[in-house]
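Please open the model in the viewer and keep the selection panel at hand. The tour proceeds by successive selections.

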Amino acid sequence: MRGHLLRRAGASLIVLLVASVVVFAGVRALPGDPALALAGEDRSARALTAIRAKYGLDQPVPVQYVRWLGHVVRGDFGSSTRTGLGVGSTILDRLPVTLELAFLSLLVAVGLGVSLGVLAAVRRGSVADYAGSTAALVGLSVPHFWLGLMLILLFAIGLGVLPASGFVPLFADPIDNLRHMLLPAVVLGTGFSAVIFRQTRAAMLESLSTDYVRTARAKGLAERQVVGSHALRNSLLTVVTLIGLQLGQLISGAVVTEQVFVLPGFGKLTLDAVFQRDYPVIEGVVLLTTVGYVVINFVVDLLYSVLNPRIRVAEDAT
Amino acid sequence: MSAVDVTVAPRVRTRRRMLLRLGRRPMAVAGLSVATVFVVAAILAPLVAPYDPADTNFGSVLQGPSASHVMGTDDLGRDVFSRVVFGARASLEAGVLATLLAMVVAVPLGLVAGYYRGWWDPVISRATDVVLAFPFLIIAVGMAAIFGPSLRNVVVALGVTAIPWIVRVTRGEALALREQDFVRAAIANGAGDRTILARHLLPNMAGTLLVQATVWIPQAIIGEAVLSFLGLGVQPPTPSWGSMLSAAQPFISLDAWLALFPGLAIFLATLSFNLLGDGLRDILDPRTRR
């Protein structure tokens with residue numbers, strides 16, 4: 001187990017290091033000479049040389065990379081060229097909105113996907129199964145930002161029961177906050193729930209046909225127990241992995257959903273930074289997303305081996 | 001029977017059988033038909049569209065559907081139906097080109113990793129892990145920041161996103177196939193690596209790769225729409241379903257039709273490829289065959 005853990009941690013670290021090189025190279029590939037941008041009015045050769053010396057731009061590239069990494073590791077991403085505020089604190093300001101959106105969407109997705117997936121598998125071939133499978137296919141094919149526009153049309157403009165856009169902080173007014181987050185969470189969560197539904201249904205069908213489920217039934221366990229503690233428990237393994245793999249999609253989806261519902265989150269910050277060519281913010285956003293994504297995948301991996309003793313044993317044996 | 005018949009006939013027969021089996025699945029046939037309609041509309045766009053998609057007419061803006069404009073007009077008086085038809089070009093271009101790009105890069109990498117193993121395998125696998133560390137939208141954002149937004153960058157961003165997944169699938173298939181008896185027989189007969197890869201491994205994983213393509217094309221269609229909606233993709237005035245939706249957003253309470261049709265087009269195009277893909281997977285992928 002410990003060997004497995006260390007190996008996975010090592011692999012994640014290598015991925016992060018290479019990713020940091022990619023981001024660093026990407027920032028250097030951006031058009032424009034940073035020294036010129038920093039110089040402002042005084043663009044004499046002397047002033048430029050002084051700036052290059054001050055920011056280490058005259059150093060060899062590998063040296064620049066190590067210096068840059070040193071700053072980044074300490075959480076120093078520089079400051080936004082638009083607002084002058086620190087990139088780190090700007091991102092931290094926006095993160096809670098996105099995290100809340102992601103959390104509520106996951107709740108919707110797992111709640112819908114797992115429960116309907118189990119129902120469809122247990123009643124295979126029934127109306128519920130067909131209805132669920134059809135809904136999942138539709139859910140996979142609907143572009144969720146369009147679904148967002150249509151729901152705004154229906155619930156905000158047509159019925160006038162929910163706000164179309166905007167954000168109220170959770171601690172300022174929890175009820176109003178949820179009213180604003182409901183549509184975005186449903187929009188982002190339903191597409192996700194289609195994927196989870198399909199995986200849950202397939203995994204449940206597989207485990208319902210195994211010998212241990214037959215044994216459980218043969219020894220007279222209630223169907224609830226057979227489904228709940230035997231079949232579902234084993235099916236959840238693959239579902240957990242899937243959720244981990246899909247988190248990147250969730251991040252991408254959050255950016256779009258924030259744009260549709262004008263939520264002042266991480267995604268909105270990212271897009272604004274791109275359109276305003278605010279390079280330090282772009283760099284910080286890309287780097288933090290990547291780190292977060294790799295770390296979450298590492299945690300999912302750990303969770304997976306905790307949940308599944310077979311993996312643990314097999315990995316130790318090698 | 002000549003030698004040619006012996007080698008070719010079984011494959012032709014298999015293909016015919018595949019088509020027959022696909023024909024027995026109404027949903028897959030429906031998917032194939034709708035997808036074909038979109039492809040034909042995209043290719044013949046100038047003939048299908050009743051108006052020039054760029055023609056503005058300030059005398060009739062934000063009109064609902066009517067006999068002269070079946071999907072109405074937008075805020076500049078342009079015919080929405082013509083723009084939806086031309087928008088199919090951007091969508092399908094992104095869908096097909098991104099998938100092709102990913103296949104061209106990923107399949108050789110997967111083959112090499114799975115067939116040769118050795119030090120190739122861990123190097124290629126770690127490299128795909130690095131690409132996987134970047135969520136799709138982050139790749140697209142980075143590319144838009146460096147090169148500016150365009151359809152070409154959309155294609156590259158979507159292609160790069162698909163590469164690691166296709167490498168994994170190809171590698172897995174290659175790993176399984178290289179242990180098969182017919183590959184061992186070929187090796188024993190003195191076949192070179194190139195012959196084995198091209199004549200024995202690749203044709204036998206064609207079905208799986210075809211299913212992968214039908215999985216990625218709809219994803220790329222939605223991806224293009226998302227990026228163009230965000231302003232990171234196709235730039236106006238070139239029509240694209242995503243950018244049409246973002247242009248419609250400010251007018252949504254005035255003219256709901258404007259936001260309806262481009263979204264329906266994305267939905268139908270994606271659904272048709274998904275239906276086709278599900279059908280093909282049921283036929284070709286032995287793991288889901290029940």
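At what angle do the axes of helix α2 and helix α4 of chain B cross? Select residues 26-43 and residues 80-116 of chain B in this predicted model. The two axes come within 8 Å and cross at roughly 105°. Because angles of 65 to 115 degrees count as roughly perpendicular, α2(B) is roughly perpendicular to α4(B).

Next, display the side chains where these helices meet. From α2(B), select B:Phe38, B:Val39, B:Ala41 and B:Ala42; their counterparts in α4(B) are B:Val85, B:Ala88, B:Arg89 and B:Leu92. Seven residues of this contact are nonpolar and one is charged, with no polar residue.

Now select the whole of chain B. Twelve helices and zero strands make up its secondary structure. Its C-alpha atoms fill a box of roughly 75 × 45 × 30 Å along the principal axes. The chain has 290 residues, of which 46% count as buried. Among its contacts with a separation of 6 or more, 70% join residues 24 or more positions apart.

Finally, add chain A and turn to the interface. Here 33 residues of chain B are in contact with 35 residues of chain A. To see the chain B side, select α5 (120-132), α6 (136-147), α10 (206-230) and α12 (257-284), each of which supplies at least two residues. Which of the helices gives the most to this side? That helix is α6(B), with eight residues. Coloured by residue class, the chain B side divides into 24 nonpolar, seven polar and two charged residues.

Notes:
Residues numbered from 1 in each chain as written. Chains lettered and ligands numbered in written order. Predicted model: local features only at pLDDT ≥ 70, side-chain atom pairs only at ≥ 80, totals over all residues. Helix = DSSP H or I, 4+ residues; strand = E, 2+ residues; numbered from the N terminus. Buried ≥ 20, exposed ≤ 12 C-beta atoms within 10 Å, placed from the backbone. Contact = placed C-beta atoms within 7 Å. Nonpolar A, V, L, I, M, F, W, Y, C, P; charged D, E, K, R; others polar. Axes fitted to C-alpha atoms, helices over the stretch in contact; angles between N-to-C directions. Parallel < 35°, antiparallel > 145°, perpendicular 65-115°, else oblique.
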